[in-house]
Amino acid sequence: MAASVREKQTAALKRMLNFNAPPLKNTATEPVWKVLIYDRFGQDIISPLLAVKELRDMGITLHLLLHSDRDPIPDVPAIYFVTPTEENIDRICQDLRNQLYESYYLNFISAISRSKLEDIASAALASNAVSQVTKVYDQYLNFITLEDDMFILCHQNKELISYHAINRADILDTDMEAIMDTIVDSLFCFFVTLGAVPIIRCPRGNAAEMVAVKLDKKLRENLRDARNSLFTGDNMAAGQFSFQRPLFILADRNLDLATPLHHTWTYQALIHDVLDFHLNRVVMEEGLGAEPSPAGARPKKKSRKTYDLTAADKFWQKHKGSPFPEVAESVQEELDTYRAQEDEVKRLKSIMGLEGEDEGAISMLSDNTAKLTSAVSSLPELLEKKRLIDLHTNVATAVLDHIKSRKLDVYFEYEEKLMSKSTLDKSLLDIISDPDAGTPEDKMRLFLIFYVTAQQAPSESDVEQYQKALLDAGCDLSPLNYIKQWKAFTKMAATPANYGNSGVKPMGLFSRVMNSGSQLVMEGVKNLVLKQHNLPVTRILDNLMEMKSNPETDDYRYFDPKMLRGSESSIPRNKNPFQEAIVFVVGGGNYIEYQNLVDYGKSKQGKKVLYGCSELFNAAQFIKQLAQLGQK
């Protein structure tokens, strides 16, 4: 099986930090000490992949932002990892003039243009530093990998390529071109890193199609220039896929606006929905207990805790896609096994304190020495385990508070019923006008899902009644204005997306799990279990990957950058099902779709599915974008 994107991107970064030579296997030799200079983009690419400790092992003593004040360190080589923007180039030229470092290894995140290279060359000449600029590389790493099978394009400046930016009513053609070029540049980097030329499929008549056309052209131009092609020779050998090429499906966010607004029930998606979670890091404010501070005293400052949820965290890897009640149960189980191990160590300690010369004690001692040595050697492991348990207890408790205070289980269940068109047990108006259920934003999300998924739009009088209830609940109605325009527009273009017959089976309230000793008190939260169902994006993937004929995807365009003449056809050349596919959503994605694709991949033997999106937003951020669009 080919290595995952995360492994490939990490390997590329490690090679770069080793002066672009493959890292040495024997660790006996001391690494060369060096500084790493990056910009915000470089920081975002490195931080989910390499921890500070790993950087130190690679010989990086200092890592600094390009635009911070840096002191000269004359006898140290510097590795730069930055995007080739005007201001970055100016700053590098300034560093050369000030002779900050012994030698310079310049690595650009995406390809640098000829004219900017010439700027650097002339600055190096002027400051007599030509011999010190050791190497200049294009790294083609302009994307961020968050999971083995998930990537996003950028985190800084993501508003430049957001859903709002692409769908503005007053957008100029030149702006749209620029957005598409940015997206294509990142996707091109992604395929260079992956070392594969994909077969591209996309729907017609939207942003996804524009991206596909441009990407096809860019890949084609690169393949044609055989001398400098990035897809031949040594860097391809490393990343040789099974003989088959991957399928690359470009989807457009407008295919499905309900899923990004949906309340969710799996662990990772819930964290992203209710907490501050980006680039695999959760930031939480810790309340310092509820005791009121004495009169006149300053209110206590809330401390902020950050937690990294990484690939090394086994609990996270196992449970990030599980329904929340299961996670709560597993945290408790982990805690119990940890306590048992801890007690064992304590027990041994107390035995070792045995005084007394009698035979029994001495034979016990020799027997226990072996036990104690094994217990002591397992201590670091135990401590790490404890750290992870504490982390998940804290994060899960924070999520649980939201579920309880906002009745998220009620919303989730109701929305699943709306999306699967099953019978509803209470009226939408009741939930909207219930002051205890959720925030105004939750109510707005629920109503928008109802509006987006409705087969026939509700009548004017009904809508007015809903709008009044929403206003009374304190909602901002501007997202609805946009969704109304969107619905009118898509009605002409296509049939509404079908969400499959998902359903949730309530399993009764949590009684069994939550014995009195548990940390996470779940009373009153419904124990909902998910049934496997495919979201629109997953269904499209299934049709195209398995070569199924389906009116939804039959007129998708087909590009093969390796074919000499760009033949305009939607007829695929090969009829075999694909083994590997990459789904990319132009206009933003979310963890709900990611999880749905992961589950789909698990159900199919030997298939590999990757998920990518131009930005990752949760429902709150998405609603904000819809509101901006609706205010115009």
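This talk goes through one helix, the sheet beside it, and a pair of helices elsewhere in the chain numbering.

The model is a predicted one. To set the scene, the protein has 632 residues, and 51% of them count as buried. The secondary structure comes to 22 helices and 17 strands. If we take the contacts with a separation of 6 or more, 79% of them are between residues 24 or more positions apart.

Let us start with helix α5. It covers residues 114-126, which is 13 residues. From its first C-alpha to its last, α5 reaches 19 Å, close to the 18 Å expected at 1.5 Å a residue.

Which residues of α5 are buried? They are Lys116, Ile120, Ala123 and Ala124. Looking down the axis of α5, these buried residues fall within an arc of 100°, so they line one face of the helix. The general background is that an α-helix has 3.6 residues a turn, so residues three or four places apart point the same way. On the other side of α5, the exposed residues are Arg114, Leu125 and Ala126.

What do the buried residues of α5 pack against? Their partners are helix α4, residues 86-98, and two strands, β4 at 101-108 and β5 at 133-138. Just after α5 ends, Asn128 has a positive phi of about 60°.

Now to the sheet. Five strands make an open sheet, and their order is β2-β1-β3-β4-β5. The pairing is parallel. At the edges sit β2, residues 60-65, and β5, and each of these pairs on one side only. From one strand to the next, the twist averages 20°.

Between β4 and β5, which run parallel, there are five bridges. Phe108 stands opposite Asp138 in β5. Helix α4 packs on this sheet, where it touches β3 (73-82), β4 and β5. The direction of α4 makes about 165° with that of β4.

Last, the pair of helices. Two packed helices are described by the angle between their axes and the distance between the axes. Here the pair is α20, residues 536-545, and α21, residues 591-603. The angle is about 35°, and the axes are 9 Å apart. The crossing of α20 past α21 is right-handed.

Which residues meet in this pair? From α20 there are Val537, Thr538, Leu541 and Asp542. From α21 there are Glu593, Asn596, Leu597 and Tyr600.

To recap α5: its buried residues line one face of the helix, and they pack against α4, β4 and β5. That is the end of the talk.

Methods: Residues numbered from 1 in each chain as written. Predicted model: local features only at pLDDT ≥ 70, side-chain atom pairs only at ≥ 80, totals over all residues. Heavy atoms only, no water. Helix = DSSP H or I, 4+ residues; strand = E, 2+ residues; numbered from the N terminus. Expected span 1.5 Å × (residues − 1). Buried < 20%, exposed > 50% of the residue type's maximum accessible area, 1.4 Å probe, protein only. Arc of directions from axis to C-beta. Contact = heavy atoms within 4.5 Å. Pairing = 2+ DSSP bridges. Axes fitted to C-alpha atoms, helices over the stretch in contact; angles between N-to-C directions. Left-handed = near helix turned anticlockwise from the far one by under 90°.
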